Amino acid sequence: NNASDLIRSRGNRKGANMAIIRCDHPNIIDFIGAKENVANLKNFNISVGITDKFLDAVKKREDYEIYDSHSNKVVNKYNARKIFDMIISTAWKNGEPGLLFLDNINKKNPTPELGELDTTSSCAEMPLYSYEGCFLGSINLEKFVKEDKIDYDRLKIVVILAVRFLDNSIDAANYKIEKVNEMIK
């Protein structure tokens, strides 16, 4: 959050960050309330990654297991309906946290051999793996309309150039954390 403030103070570019925690993480309660004070994490979107198992426990008003993220051992149990109600109440107050349906995004994971998708880009445009980032670009399609027809020849050239530009951006990027370099490239 502070790094994004620093970037903004050096110019007008705003940092975009996403923080996601699984519903079965030991810090889930603190995370849900992390943005109750709107001054906290103002450069972050936050979401809770929920599973089908969690939603089933919500429907049945049952407890569900909380896991240590390092050892993967059960360390506690929470009532799923109470946690879900906390999420809904906090989201109603300030619009966050959002929800990320982990099982759904992984059902359509095009590269499951890389692992499970567990996060998204900062505006949730695309699911990502841990340590992965995304390079986004856009093309203003309005600029390719002439006399109510799309100039597909010109659009094709711009798409090829835009993809090349984004590929070059990925190749030129160098991150301090080697796992980030590995995942992005």
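# Exercises on a predicted model

In this structure, β1 and strand β2 (residues 44–50) run parallel and are joined by 6 bridges. The coordinates come from a predicted model, and the exercises below are worked on that basis.

## Exercise 1. The open sheet

Determine the order of the strands in the open sheet of 3 strands, and identify its edge strands.

Solution. Begin with the pairing of β1 and β2, which is parallel and comprises 6 bridges. Next, consider the other partner of β2: β2 and β5 pair over 4 bridges, again in the parallel sense. The order is therefore β1-β2-β5, with parallel pairing in an open sheet of 3 strands. The edge strands follow from this order: β1 (17–22) and β5 (98–101) each pair on one side only. As to orientation, neighbouring strands of this sheet are turned against each other by 35 degrees on average, direction ignored. In general, strands of a sheet pair through backbone hydrogen bonds, either parallel or antiparallel.

## Exercise 2. Partners of β2

Find the residues of β2 that stand opposite N17 and M18, and the residue of β5 that is paired with V48.

Solution. Start on the β1 side. The bridge partner of N17 in β2 is F44. M18 stands opposite N45 in β2. Now turn to the β5 side, where L99 is the bridge partner of V48.

Is β2 largely enclosed or open to the outside? A residue is counted as buried when its relative accessible area is under 20%. In β2, 6 of the 7 residues are buried, so this strand is largely enclosed by the rest of the structure.

## Exercise 3. The second largest pocket

Describe the lining of the second largest pocket, and examine D24 and N72 within it.

Solution. The volume of this pocket is about 200 Å³. Its lining consists of R22, D24, H25, Y67, D68, S69, H70 and N72. Sorted by type, the lining residues are 1 nonpolar, 4 polar and 3 charged.

Take D24 first. D24 lies in the loop between β1 and α2 (28–32). Its relative accessible area is 12%, which is under the 20% cut-off, so D24 is buried. The side chain of D24 makes a polar contact with the side chain of R22 at 2.9 Å; R22 also belongs to the lining.

Take N72 next. N72 lies in the loop between β3 (63–67) and β4. Its relative accessibility is 58%, over the 50% cut-off, and N72 therefore counts as exposed.

## Exercise 4. Backbone exceptions

Identify where a cis peptide bond occurs, and state the phi values of N72 and Y131.

Solution. The reference point is general: most residues other than glycine have a negative phi, and most peptide bonds are trans. A cis peptide bond joins E96 and P97, with omega about 10 degrees. P97 is found in the loop between α4 (80–94) and β5.

For N72, phi is positive, near 65 degrees. For Y131, phi is near 70 degrees, also a positive value in a residue other than glycine. Y131 is located in the loop between β7 (127–128) and β8 (145–146), and is partly exposed at a relative accessible area of 47%.

## Exercise 5. N79 and E62

State how far apart the C-alpha atoms of N79 and E62 are, and classify the accessibility of N79.

Solution. N79 is found in strand β4 (residues 74–79). N79 and E62 are 17 residues apart along the chain, and their C-alpha atoms are separated by 5.7 Å. With a relative accessible area of 22%, N79 is partly exposed.

How values were computed:
Residues are numbered from 1 along each chain as its sequence is written. This is a predicted model: local features need pLDDT of at least 70, side-chain atom pairs count only at pLDDT 80 or more; totals for chains, interfaces and linings use all residues. Side-chain values use heavy atoms; hydrogens and water are left out. Two strands pair if DSSP finds at least two bridges between them. Helices (H or I, at least four residues) and strands (E, at least two) are DSSP runs, numbered from the N terminus. Axes are lines fitted to C-alpha atoms, for helices over the stretch in contact, and angles run from 0 to 180 degrees between N-to-C directions. On a 1 Å grid over the protein atoms alone, a cavity is a set of points where a 1.4 Å probe fits but cannot get out, and a pocket is an open set with protein on both sides within 12 Å along at least five of seven lines; lining residues have an atom within 4 Å of a point. Grid points are joined across faces, edges and corners, and a volume is the space filled by probe spheres set on the points. Ala, Val, Leu, Ile, Met, Phe, Trp, Tyr, Cys and Pro count as nonpolar, Asp, Glu, Lys and Arg as charged, and the others, Gly among them, as polar. Buried means under 20% relative accessible area, exposed over 50%, partly exposed in between (1.4 Å probe, protein chains only). A polar contact is a pair of N or O atoms within 3.5 Å; within protein, one must be able to donate a hydrogen and the other to accept it, and residues adjacent in sequence count only if both atoms are side-chain atoms.
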